[in-house]
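Open the model in your viewer and keep the sequence panel beside it. This tour tells you what to select next and what you will find there.

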Amino acid sequence: MKMPTASPLYYIGLMSGTSLDGIDAALIAIETDSPPRLLATHAEPMPDELHRLLLMLCHAEQVGFAQLAAAEHAFCQCQAQAVQQLLAPISIKPEQISAIGSHGQTIEHAPVGHSGGPAYTLQLDNPSLLAELTGCTVVADFRRRDLAAGGQAAPLAPAFHQALFGRSGAHQLVLNLGGFANLTWLSSQPTDPVIGFDTGPANVLLDGWFAWHQGGRFDQDGAWAASGKVDEALLARLLSEPFFQQPPPRSTGRELFHLDWLRQHLSGQEAAADVQATLAELTAASVAQGIEQLQIKDGPLTLITAGGGAHNGYLMQRLAYYLPRATLTSPAAYGWPEDWIEAGAFAWLAHQRLHHLPGNLPSVTGAQGPRVLGGVYAA
């Protein structure tokens, strides 16, 4: 006699990354003994005024409480709008959602602290207000428990990558090209630990340089970068940054890689398009360098590319050039288009929290052990 299967549990993940381009909302279904399924998605654009305010906060030496409150309130309103737009065209209602997993907006990430001070990571969020606006339970503040356990609090997505892609018997690498690039290695050997770390900047510098010289939010398909020529001397200066030589666990953010950091390495004679081409090369070269650090000696490599950078045709060409051993593939083959894995990860992390299951991987973050992540804000 066939046993009846339990009904799926529904979760929403909300993710706004370091590129600050909008809020991704993903509705997923979780069933016993099956990988999470993506059911619906919505991308809520970041209003220009909120984008400017958040960008200012990310680079401000000092801020006022009123500024933080205004940004947090506007951001939460944008999140609620994303949830409403996500659910509007489908038959699933807010009361059917087990929880929303809200990442919040990272303002600063300092996993080793500054000048001898304590480590910290700050995500702007208001889960209490989000619960009020949506009528859903909210899980938030995922990163600080890992930090309290001695970890870097990032990246957190590798645990979801393991749940989503599993082990195929071959080496799988998952590369997320958001504001920053992070890499997950799922070894062909099931007993090997999952390894994951930030490899360096991705869209954060490409978008910033493009906005400064061309206007707009991003370089469509990398067309402007493709019109330039890589400046090898500049690339060498950029790659001399000590971060690129650090062994995992490692994570980074706008605190290190920003336009002022870039300007410190410029001679002033470079053509703007050449700098854009060099920034794309920096991303590709640093990803390849990160893969080399893993010392994967046997078998073929599959590189699953996700995030907004996966739509940058020029950047993908440069990755293929640096990684001749790897087969680049889309996560769409697994039912997950490129843009939705990060949001899906925080939906899955909400499930982990409600079921008192670990959300981190100590082999990735360096934490003292597995930890249940996040706080729960009831509907």
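Does Asp221 count as buried, exposed or partly exposed? At 43% relative accessibility, Asp221 counts as partly exposed. Buried means under 20% relative accessible area, exposed means over 50%, and partly exposed lies in between (1.4 Å probe, protein chains only).

Before moving on, note the ground rules. This is a predicted model, with residues numbered from 1 along each chain as its sequence is written, and local features need pLDDT of at least 70, side-chain atom pairs count only at pLDDT 80 or more, while totals for chains, interfaces and linings use all residues. Side-chain values use heavy atoms, with hydrogens and water left out.

**Stop 1: backbone oddities**

Stay on Asp221. It sits in the loop between α6 (203-214) and α7 (223-227). Helices (H or I, at least four residues) and strands (E, at least two) are DSSP runs, numbered from the N terminus. Phi of Asp221 is near 60°, a positive value in a residue other than glycine. Most residues other than glycine have a negative phi, and most peptide bonds are trans.

Now select Asp141. Look in the loop between β6 (138-140) and α4. Its phi is also positive, near 60°. Asp141 is partly exposed, with a relative accessible area of 32%.

Next, select Ala154 and Pro155. A cis peptide bond joins them, with omega about -10°. Pro155 lies in the loop between α4 (143-148) and α5 (157-165).

Then go to Pro248 and Pro249. The peptide bond from Pro248 to Pro249 is cis, with omega near 0°. Pro249 belongs to the loop between α8 (232-239) and α9 (259-263).

**Stop 2: helix α2 and its partner**

Select residues 65-87, helix α2. What span should its 23 residues have at 1.5 Å a residue? The expected span is 33 Å, and the end C-alpha atoms are 33 Å apart, which agrees. The expected span of a helix is 1.5 Å times one less than its number of residues.

Colour the buried residues of α2, among them Ala71, Phe75, Cys76, Cys78 and Gln79. Ala70 is also in α2. At 42% relative accessibility, Ala70 counts as partly exposed. From the C-alpha of Ala70 to that of Ser102 is 18 Å; the two are 32 residues apart along the chain.

Add helix α3, residues 127-134. The axes of α2 and α3 come within 9 Å and cross at roughly 35°. Axes are lines fitted to C-alpha atoms, for helices over the stretch in contact, and angles run from 0 to 180 degrees between N-to-C directions. The contact (heavy atoms within 4.5 Å) includes His73, Cys76 and Gln77 of α2 and Leu129 and Leu130 of α3. By class, the contact has 6 nonpolar, 5 polar and no charged residues. Ala, Val, Leu, Ile, Met, Phe, Trp, Tyr, Cys and Pro count as nonpolar, Asp, Glu, Lys and Arg as charged, and the others, Gly among them, as polar.

**Stop 3: helices α10 and α11**

Select 272-294 for α10 and 313-322 for α11. Their axes come within 9 Å and cross at roughly 40°. That makes α10 oblique to α11. Angles under 35 degrees count as roughly parallel, over 145 as roughly antiparallel, 65 to 115 as roughly perpendicular and the rest as oblique. Residues in the contact include Ala277, Ala280 and Glu281 of α10, and Tyr314 and Leu315 of α11. The contact divides into 10 nonpolar, 1 polar and 2 charged residues.

**Stop 4: three buried residues**

Select Leu323, in the loop between α11 and β11 (326-329). Leu323 is buried, with a relative accessible area of 9%. Leaving aside neighbours within four places in sequence, Leu323 is in contact with Ala288, Ile291 and Leu303.

Move to Leu183 in strand β8, residues 180-186. Its relative accessible area is 0%, so Leu183 is buried. With neighbours within four places in sequence left aside, its contacts include Ile291, Leu294 and Leu303.

Finish here with Thr305, in strand β10 (residues 301-306). Thr305 is buried at 4% relative accessible area. Beyond neighbours within four places in sequence, its contacts include Leu175, Met316 and Glu338.

**Stop 5: helix α12**

Select residues 341-354, helix α12. How many of its 14 residues are buried? The count is 13. Just after α12, His356 takes a positive phi of about 55°.
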